[in-house]
Amino acid sequence: MAMPTTASATLSSLSSLSLHSIRRLSLLPTTTTTTIKAFSFLPSLSSSSSRPTIILRARPSDIDTSFFDNVDPEEDVAFDPPEIPEGFVSPPSFDEGPMETEDEIAAAYEELYGPAYSGVSVLGNDIYVMDSKVKKTGGFGSKVKKEKVRDGFEERVVQVRRVTKVVKGGKQLHFRAIVVVGDKQGQVGVGVGKAKEVIAAVQKSAVNARRNIITVPMTKYLTFPHRSEGDYGAAKVMLRPASPGTGVIAGGAVRIVLEMAGVENALGKQLGSKNALNNARATVVAVQQMRQFRDVARERGIPMEELWK
């Protein structure tokens, strides 16, 4: 019977123990926490088990609220607002004052975010908003039609041809357009574009022509300063100045390029191939070889009168 004697001795030693709570030092006020002062061990032995079962029960503790006894929020916590500077004028209310006009609102919006999608610049900036003016040509399912860019250049279609590309599944039909743009004041450009539709091909070629603008040298009689010839591929173009009242005597793509450039008195002749695109570009090459008399005299460092001697 040594086992019950040992168990009873162990329980008696455990029942005499007591656990005291430990207080922690802190700069913050004591919170409402429950502190356990002591534990009581209540052993219970069952007849079927030789090991004792220990049940822990905690005693309720006191809550330390002594910190708030001497604190008054209304008196101890003082609110010190900043002083108002001298000459301070309070801003007017949002509802006071005259109402802003639509133009003032549009100008303020444009200053912050740029021109609106209406394509109209309120601040006077020369800005063209892409795809700003779009209108439909038909009802449901119809494609949009964009208005022409208003930049001072006129467009003229030289040629529209069908081109076919052979692919694995068959043939693909496209359209190639040649367009000449100019302001009739010495600026002209030739462009080409391809698309599945004629309108799209013309638009592409017009954009390409605007990227290739050149300046045509002309005299006060709206003619060339001297003779010139240009080659492009198998095409060869000859240009000659003419007296006032002669007009533009040329044909094909050469005539269109000269008219869009603003030349009124000139002679032109196609000497090689009759390809419209090559002749138009040969005309551009011939124009680029021309030079004004004042530019030559400036480069040579002599007055213009010396050029005629």
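**Salt bridges and a four-stranded sheet**

I'll start with one contact: the side chains of Glu155 and Arg210 form a salt bridge, at 2.9 Å from N to O. Keep in mind that this is a predicted model. The two partners come from distant parts of the chain, 55 residues apart, with Glu155 in strand β5 and Arg210 in helix α4. Glu155 is partly exposed, because its relative accessibility is 29%. Arg210 is also classed as partly exposed, at 23%.

Now the sheet that β5 belongs to. It is an open sheet of four strands, in the order β5-β6-β7-β8, and the pairing is antiparallel. The edges are β5, residues 154-167, and β8, residues 214-215, each of which pairs on one side only. Inside the sheet, β6 covers residues 170-182 and β7 covers residues 187-195, and eight bridges hold this antiparallel pair. One position to look at is Arg176, whose bridge partner in β7 is Lys194.

Next, the helices on this sheet. Helix α4, residues 198-210, lies across β5, β6 and β7, and runs at about 145 degrees to β7. Helix α5, residues 252-261, packs on the sheet as well, touching β5, β6 and β7, and its direction makes about 140 degrees with that of β5.

Helix α5 has a salt bridge of its own. Arg255 and Glu259 meet through their side chains at 3.1 Å, N to O. Both residues lie in α5, four residues apart, which is about one turn of the helix. Are they buried or exposed? Neither label applies: Arg255 is partly exposed, with a relative accessible area of 33%, and Glu259 is partly exposed at 24%.

A further example is in helix α7, residues 293-300. There, the side chains of Arg298 and Asp295 make a salt bridge at 3.0 Å, N to O. The two are about one helical turn apart, because three residues separate them in the helix. Arg298 is exposed, with a relative accessible area of 58%, whereas Asp295 is partly exposed at 29%. Going back to Arg255 and Glu259, salt bridges with shared partners join them and Arg156 into one network. How many salt bridges are there by this rule? The count is eight.

Last, a nonpolar item. Tyr109, Leu112 and Tyr113 form a nonpolar patch on the surface, and together they have about 410 Å² of accessible area. Tyr113 sits in helix α3, residues 102-113. Its relative accessibility is 62%; the cut-off for exposed is over 50%, so Tyr113 counts as exposed.

Terms used: Residues are numbered from 1 along each chain as its sequence is written. This is a predicted model: local features need pLDDT of at least 70, side-chain atom pairs count only at pLDDT 80 or more; totals for chains, interfaces and linings use all residues. Side-chain values use heavy atoms; hydrogens and water are left out. Two strands pair if DSSP finds at least two bridges between them. Contact means heavy atoms within 4.5 Å. Axes are lines fitted to C-alpha atoms, for helices over the stretch in contact, and angles run from 0 to 180 degrees between N-to-C directions. Patches are made of residues with over 30% relative accessible area and no salt bridge: like charges are joined within 9 Å, nonpolar side chains (Val, Leu, Ile, Met, Phe, Trp, Tyr) within 5 Å. Accessible areas come from the Shrake-Rupley method with a 1.4 Å probe; for residues, only the protein chains shown count as cover. Buried means under 20% relative accessible area, exposed over 50%, partly exposed in between (1.4 Å probe, protein chains only).
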